[in-house]
Each structure stands twice: as structure tokens, then as C-alpha cells.
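User: Please take a close look at a single part of this model, a strand and its surroundings, and explain in one connected account how the side chains and neighbouring strands are arranged there.

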Amino acid sequence: MTIKRRRLRKIAATVIFTTLIWVFADLALDEELTVSNLKLSVAKSVNPALWVTFSGQSAVPLEKVILKGSARKVAEVRQRINAGRFVREFYFDPEHEKMTNPGDHPFNVAEFLKGTDSIRQLGLTVTSADPNTLTVSVVELQKKQVVVRCLDDNLNPLKVANIEPAQVEAFVPAERGGAALEAKVSLNRREIEQARLAPIEKTPIIELSPGQNREAASSVKITLPKEQERLQEYLVTSVRYGVSLSANLEGKYKVELVNPEAVMGSVAIRATPEAKRAYENMRYHVILEIDDSDKDSRSDKSSPAAGEPAPEIRRDLVYNFPPEFLRKDEIALNQSPVQARFRLVPMVAETISATPAPIVPPAKK
């Protein structure tokens, strides 16, 4: 019995000793692993009365983080990365890190990452990060009443029939006041069409700084004017006309209008008052586009005989509506397009021309 006990003790001691050797060998073989393209973001659960950023940014890229641990753990993490199962975004909670006092606070990135659940569960430690130090900026916000503005998805103001309520409560920097106290609602084309039929509900956004937005505490209901109420009929007179001529034709041909009265006659439009004023202020109201192929308009491709007029060409005018109002469907032609009748005359030809047409740059296709 004694001999058996001794043998068991020897076996146990051998097993323990062997295990310790493997443990120490494993520890002695610590490896480093560099992980790139990570991101550190401010948690969205932050107290709404605080505006927390990393020197004005809600998120910062981490170029690289160096992890260290046993060869076995490093190999496991490599497998996670290759399989796309490695967490690449980490969230900073200022209350958990005790950084809620207004002002700037130095922040050690590597120390923060060491304490995150995502890293600790890997069984590795963080030796360094790039950047390794950041500044946490904390601004205390105040709850104020802000006016709601409505924009399209190109950030152009929309004329609204009603916004209910017209003002909402929101947290904004204490020094902000007057016209700066506003929240914005952006509507895409589908939402604009819907809001013309029935109120649409949206939550206004407050811009704390470029790229830094915060939602208001409550939503609003927006109604846009119905189509027939939104656009009115106008007649634009004193029409200015220009010609779009390519560099291949400029200086070689001149444009001779056959029907200038029709081309420069009044233009009937449907528009909002703002769009109508903008159209009236355009340099040219209508544009006649000349194609390079117009110089070959004769079917026999021959030049006119002496004293014979150049062949007549017909083309619909282009109505030079202001692009920002055209995108918002706030201006449209309320008549059939006028067809210009013109001749393209070589500059060397002895012809009598009507009033020279102003040349405008070719329109972008």
C-alpha cells in the first residue's frame, strides 16, 4: 500500500511538473499581433445634455492596435480576423470613464482598450495603439425651443403649408441663440409627394457642428402645399435669347434667325413666386442649341449658290430654368416649346444677317 502511494505521488508530481513546464513554455512564447482599421466611437447612450467628442469628432480611426499574448491565443484571434468575427468598433462611454465634466480631458486609448470586454475575452492585452492619446471634449448643452425648417435632400428650402408643432425642444450649446436656434427636417422626393397629400411625421435634426447632428426630443408633422396651390401661372416678357455654339463652329459660322419675334416672345410658365423671380433674373431665358452637324444640313452637302440663302433649320428652344428650382419641380413650361427657325451661314458668305445672337457656352449633356 505504501509503495502504491509513493508511485501515485510520483506520477502526480510528474504530471504537475510537466504541466508547469508547458505553462511556462507557453508564457515564454508570447507573440504580438498588429490589428489595423479599427474605430473608436462615442456611445449613443450618452446623456443628451452632454456633447462628447474626440476633439470635435464623434468617431476616430485607429490606424493600428498591437495585441500581445500566448501563441495559442494569438492564433485564435488571427482565425477570428480571417473569419470576419473580430470586433472592429469600440464605444467610449464618458460616464463609465468618469469624464462628464465640461472641458477637455486627456484619454489613453491603449488603457481604455485593455479594459473593454471585447479585448479581455480574447485573452490578450493591448501594448499600444495609434493614436495612443486623444482629447475628449465635453460640452454641456441646454434645452431650448428651436424653430423647425424643412429642406429637400439637396438642402434647398421647401415651402410648407404647415409644421405641427412649429418649434420643438432640443439640447443645444448654451451660447446659441436667435436664428441659430433651428432644427432641420429633410424630405426626399417620395416624402415630398406624400406630404402634399397628407401630413408626414419626421424627427428634426439639430446640427451641433458640421457632421455632428443630434435628434430633437420629439417629432413633427409636415404638410406641403398641394400642387395646384404651389405653382401659379405667369407670363415672362422681355425674353433674352442666346445661342449655344460649339468651338468647332464658333468664328466660322453665324446664326441668322428667321423668326426672332417668336423666339424672343413671351414665355408662359407655372412656378412658385421665388422660381419665377429667379428665372426672370437669368442671363438668358431661352437658348438655341446648334449642333456641329447643322453645317451639313443641305441634303446634297453642297454650298448655296451665290445669292441663294442658306438652308433653313428648325429646332425647339431650350428653356433655361434655374436648376435649383427645376430640381424641386417649382417651375415648368406652361406652353408648347417654341420652334426656332434659323440658318447657319459661313462667315465668308455675303449675306444680310438679323441682329447677331449672343453666344453662350455649350450646355453640358
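**Strand 10 and its surroundings**

Analyst: In this predicted model, Val 148 has Ala 183 of strand 10 as its bridge partner. That pair belongs to a wider contact: strand 7, residues 133–152, and strand 10, residues 182–187, run parallel and are joined by six bridges.

The side chains of strand 10 divide between two faces. Ala 183, Val 185 and Leu 187 point to one face and are buried, whereas Glu 182, Lys 184 and Ser 186 point to the other face and are not buried. Such a pattern fits a general rule: in a regular strand, side chains alternate between the two faces of the sheet.

A second arrangement of strands may be set beside this one. Three strands form an open sheet in the order 15-18-22, with antiparallel pairing. Strand 15 (232–236) and strand 22 (331–333) each have a single partner strand and stand at the edges, so one side of each lacks a neighbour in the sheet. On average, neighbouring strands of this sheet are turned by 30° against each other, direction ignored. Five bridges hold the antiparallel pairing of strand 15 with strand 18, residues 267–271, and within this sheet Val 236 stands opposite Val 267 of strand 18. Helix 8, residues 273–280, packs on the sheet and touches strand 15, strand 18 and strand 22; the direction of helix 8 makes about 145° with that of strand 18.

Finally, there is the matter of internal space. The largest cavity has a volume of about 60 Å³, and its lining includes Leu 158, Arg 230, Thr 272 and Glu 330. The lining residues divide into three nonpolar, one polar and four charged.

Notes:
Residues are numbered from 1 along each chain as its sequence is written. This is a predicted model: local features need pLDDT of at least 70, side-chain atom pairs count only at pLDDT 80 or more; totals for chains, interfaces and linings use all residues. Side-chain values use heavy atoms; hydrogens and water are left out. On a 1 Å grid over the protein atoms alone, a cavity is a set of points where a 1.4 Å probe fits but cannot get out, and a pocket is an open set with protein on both sides within 12 Å along at least five of seven lines; lining residues have an atom within 4 Å of a point. Grid points are joined across faces, edges and corners, and a volume is the space filled by probe spheres set on the points. Ala, Val, Leu, Ile, Met, Phe, Trp, Tyr, Cys and Pro count as nonpolar, Asp, Glu, Lys and Arg as charged, and the others, Gly among them, as polar. Buried means under 20% relative accessible area, exposed over 50%, partly exposed in between (1.4 Å probe, protein chains only). Helices (H or I, at least four residues) and strands (E, at least two) are DSSP runs, numbered from the N terminus. Two strands pair if DSSP finds at least two bridges between them. Axes are lines fitted to C-alpha atoms, for helices over the stretch in contact, and angles run from 0 to 180 degrees between N-to-C directions. Contact means heavy atoms within 4.5 Å.
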